[in-house]
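Please read the report below beside the sequence and the 3D model shown here.

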Amino acid sequence: MQIMEAFLIAVSSIITHKLRSSLTLLGVIIGMMTIISTMAVIQGLQDLMEEEMRSLSAGVFQVQRYDVNMGMGNHHRRRHFRPKLGMQEVRAIQRNVPLARVVAPEVWDWGNVVRFENEATPPNITMCGGTPGTAVNNSWEVAEGRFFNEQDVQFARPVAVIGAYLANRLFPYRSPLGNYITINGERAMVIGVFEERGSVFNSHSDYNVCVPITRFVHWNGNERSWNITVQARDPEKIEETIEQTTIAMRSARGLQPGEENNFAIWHSNQLVDSFNQMTIWIRVAAFGIASIALLVAGVGIMNIMLVTVTERTREIGIRKAIGATRRAIMWQFLVEAVILTQIGAVIGVGVGVASAYLLGTAAHLTISIPYDYIVLGLVFCSGIGLVFGTWPAWKAARLDPIIALRYE
C-alpha cells in the first residue's frame, strides 16, 4: 500500500471520528508543545546571553571577593572570612600585570531612589562608583555629555552619568546635562547620559547612575568590597593576563604556596558556561515531562488503532481475499499510526512555537526556534507511533480472511 493512500485513510478516519481523534492526539500535542515552547525560550535566552557577552569589551575579566556561583556548605561559610578588595589590590594589578591595558575598580549599590524636582524613580536604580576605565571595560557608550575623568575621581566631584531610563523618566522634555539630581538625598550634577541598551542582560546600564568611586565612598563609606575589571592588552592572551593577575593578587594578600585563593576571577565565558549547566537540567526535566505525555498519548494511539482494526475488520478481509499479504496489512496500520502521531506532532510544534512567541513578547525576550528539538520530537513521535501501533497492526495482519469477511 502506498504511503499517500495510508495517509488519506488516516486523515479520513480522523475526520470521521473528530472527537475521538482529538482526544487521542491531545497527549501528543501537549508533549510536543511542552518540548518546543520550553526549548525555544531557553535557546532564546542562551543566544541572547552569548550575544550580550560578546558585546562586552574584548578580553575583559573581573576580580572580586566571591565566586559567581559560590555554593553552600564549607565554601559558603569560608567566603565570609575573605578580605575585601580595595585600592591595595588595584595598585598591585596596575603595577604587576604588564599584560593589562585598563584596570578599573568599581563598587555597587542597589535599590536606590533618584529624584529631580518633584519627580522620583521607584527604588530600582543601581548606583555604581567607578573610574574612567569603568565605562571602557563595561562597554558603556555615552550618548550625550561625557563620562567622568581622572580629576573628577581625584577630587571626588559630585557628578553623575545616568542611564537612558533615568533620563527619560526625570527629564522627558529637556536635556539632563547640567541639572542636579539627588541620589538617596545626595546631590550630584548630571554630566552625561548612557546610550540606551534595552536588552535583558545589559539593561542595567539603562537603570544606572554612575558616580566617581571616591564620591561613592564619601556618601556610603568604605564598607563594601570593590570589584576590579581588567582588560587585557591582547584578547588572545586573556588566560596569561588572568594568570599574571592571580600572581599579583596572591602576592598583595600575602598568600603562601598551597594556600587557597581568597578572591575570585571570572570572565564572560564562565558565566555562559554556568548558565548552560543550569539549563541542562531544565531541558532534561522538560523533555522528561513531555516524554511522559507522549507515552500516555501512545497508549491512546494504540487504543484508537485497536478500535480502527475492529471497525475495519471486513475491509481487512476483503483486502486479504484479493491478495493482500500480512506484511501489507501490517504496513498499512503502522503507517496509519505513525501518520496519526505526526499530525499531532505538527500541531504541537505549531502551538509550541506560538506559545513561545507569545511568552517572548510578554516578557520582551527574543525567541529562537529549536529546530534540532523539532526534528528530535518528530522522530520520537514516529517511534511512539511505531511502538504503540505494532500490536494493532499485528492483530490486523493475523486476522483470518474468512472470519473477517463474515464480520458484521
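The text that follows takes up the cysteines, a pocket, a glutamine and two loop residues.

This is a predicted model, in which local features need pLDDT of at least 70, side-chain atom pairs count only at pLDDT 80 or more, and totals for chains, interfaces and linings use all residues. Residues are numbered from 1 along each chain as its sequence is written, while side-chain values use heavy atoms and leave out hydrogens and water.

**Cysteines**

The structure holds 0 disulfides, a disulfide being a pair of cysteine sulfur atoms within 2.5 Å. Cys128 is in no disulfide, and the nearest cysteine sulfur, that of Cys210, is 3.7 Å away. Cys128 is buried, with a relative accessible area of 0%, and Cys210 likewise counts as buried at 0% relative accessibility; here buried means under 20% relative accessible area, exposed over 50%, and partly exposed in between (1.4 Å probe, protein chains only).

**The second largest pocket**

About 160 Å³ of space lies in the second largest pocket. A pocket is defined on a 1 Å grid over the protein atoms alone, as an open set of points where a 1.4 Å probe fits, with protein on both sides within 12 Å along at least five of seven lines, and lining residues have an atom within 4 Å of a point. Its volume is the space filled by probe spheres set on the points, which are joined across faces, edges and corners. The lining of this pocket has 13 residues, of which Met87, Gln94, Pro105, Thr131 and Glu150 lie nearest the centre. By class, the lining residues divide into 7 nonpolar (Ala, Val, Leu, Ile, Met, Phe, Trp, Tyr, Cys and Pro), 2 charged (Asp, Glu, Lys and Arg) and 4 polar (the others, Gly among them). Helix and strand elements are DSSP runs numbered from the N terminus (helices H or I, at least four residues; strands E, at least two), and α4 gives the most to this lining, with 4 residues.

**Gln64**

Gln64 lies in strand β1 (residues 60-64) and is buried, with a relative accessible area of 12%. The side chain of Gln64 makes a polar contact (N or O atoms within 3.5 Å, one able to donate a hydrogen and the other to accept it) with the side chain of Trp266, at 2.9 Å. A polar atom of the Gln64 side chain also lies 2.7 Å from the backbone oxygen of Tyr66.

**Loop residues with positive phi**

| Residue | Phi | Loop | Relative accessible area |
|---|---|---|---|
| Glu117 | near 55° | between β3 (114-116) and β4 (119-120) | 61%, exposed |
| Asn184 | near 55° | between β8 (180-183) and β9 (186-194) | 45%, partly exposed |
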